[in-house]
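Q: I would like to learn how to read the features of a model such as this one, step by step. Could we begin with the general idea behind each feature and then turn to the case at hand?

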Amino acid sequence: MNTSQSKSRYVIAGAIAIVAVVLDQVTKFWALSALADDTHPIPIIGSLLSFQLLHNSGAAFSLGETSTWVFTVLSVVIIGILIVGLSRSVRVSAAACLGLLGGGAIGNLIDRLIQPPGIGVGHVVDFINYNGFFVGNVADIWIVIGAIWLAWEFSRDGAFSGEDNADDAPVVNSLSDEAAHE
């Protein structure tokens, strides 16, 4: 792969990440200014989809509410892993997928860094209520779409390269083939 192809992967991933972060943060700003804290859901599509402002100190489904700092550190590690994955991506679609995942992770990391109660332990702004099952945000949507997309990318040959992928030796012959040569 030449350097212009490599640069284009980073540009595409970066652009998608920036758009994802901006959309996430703009919608969270809107939610903080337009919705009251912890009120009853405001129906958008009946009870199926509604707006309800919550401040989540945990992860998905409010898991780990007392370990907010762990999720801050984990977010930074995941973003680092996504950057390494980007350096190994071969397809533009894989780079775009990693950009979307990174944008979602960065969006929630920003909340953990700047939202109350403090730096590194801030609560994530959630406001999209999915029929009372859970309340999430736009970054969560990007993460879910990106995770499904990443699974699809891994199911395709050649989406990511490793140092050893191209030169892997074929699998050892079956026992019947070995017996025939003896």
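A: We can start with polar contacts: a polar contact is a pair of N or O atoms within 3.5 Å, where, within protein, one must be able to donate a hydrogen and the other to accept it. The model here is predicted, and in it the side chains of aspartate 126 and asparagine 56 are joined by a polar contact of 3.2 Å.

Q: Which element holds aspartate 126, and which residues beyond its sequence neighbours is aspartate 126 in contact with?

A: Aspartate 126 belongs to strand β3, which spans residues 124-130. Once neighbours within four places in sequence are set aside, the contacts of aspartate 126 are Gln52, Leu53, Leu54, Asn56, Val135, Gly136, Asn137 and Asp140.

Q: Why does aspartate 126 count as buried?

A: A residue is called buried when its relative accessible area is under 20%. Aspartate 126 has 3% relative accessibility, and therefore counts as buried.

Q: Which residues does the "active site" annotation cover, and how should I read such a record?

A: Annotations of this kind may be inferred rather than shown by experiment. In this case the UniProt annotation "active site", taken from an unreviewed entry, covers Asp126 and Asp140. Aspartate 140 sits in helix α4, residues 138-155, and is partly exposed because its relative accessible area is 24%, a value between the limits of 20% and 50%. With neighbours within four places in sequence left aside, aspartate 140 is in contact with Asn108 and Asp126, and a polar contact of 3.0 Å joins its side chain to that of asparagine 108.

Q: What lines the second largest pocket, and which elements give two or more residues to that lining?

A: The lining consists of Tyr10, Ala13, Gly14, Ala17, Ile79, Leu82, Ile83, Leu86, Leu98, Gly99, Gly102 and Ile106. Two or more of these residues come from each of α1 (3-34), α2 (68-88) and α3 (92-114). By class, nine of the lining residues are nonpolar, three are polar and none is charged, and the space in this second largest pocket is about 170 Å³.

Q: How many helices and strands does the protein have, and in what order do they run?

A: The protein has five helices and four strands, which follow one another from the N terminus as α-β-β-α-α-β-β-α-α. Of the 182 residues, 34% are buried, and among contacts with a separation of 6 or more, 63% are between residues 24 or more positions apart.

Notes:
Residues numbered from 1 in each chain as written. Predicted model: local features only at pLDDT ≥ 70, side-chain atom pairs only at ≥ 80, totals over all residues. Heavy atoms only, no water. 1 Å grid on protein atoms, 1.4 Å probe; cavity = no way out; pocket = protein on both sides within 12 Å on 5 of 7 lines; lining within 4 Å. Points joined across faces, edges and corners; volume = space filled by probe spheres on them. Nonpolar A, V, L, I, M, F, W, Y, C, P; charged D, E, K, R; others polar. Buried < 20%, exposed > 50% of the residue type's maximum accessible area, 1.4 Å probe, protein only. Contact = heavy atoms within 4.5 Å.
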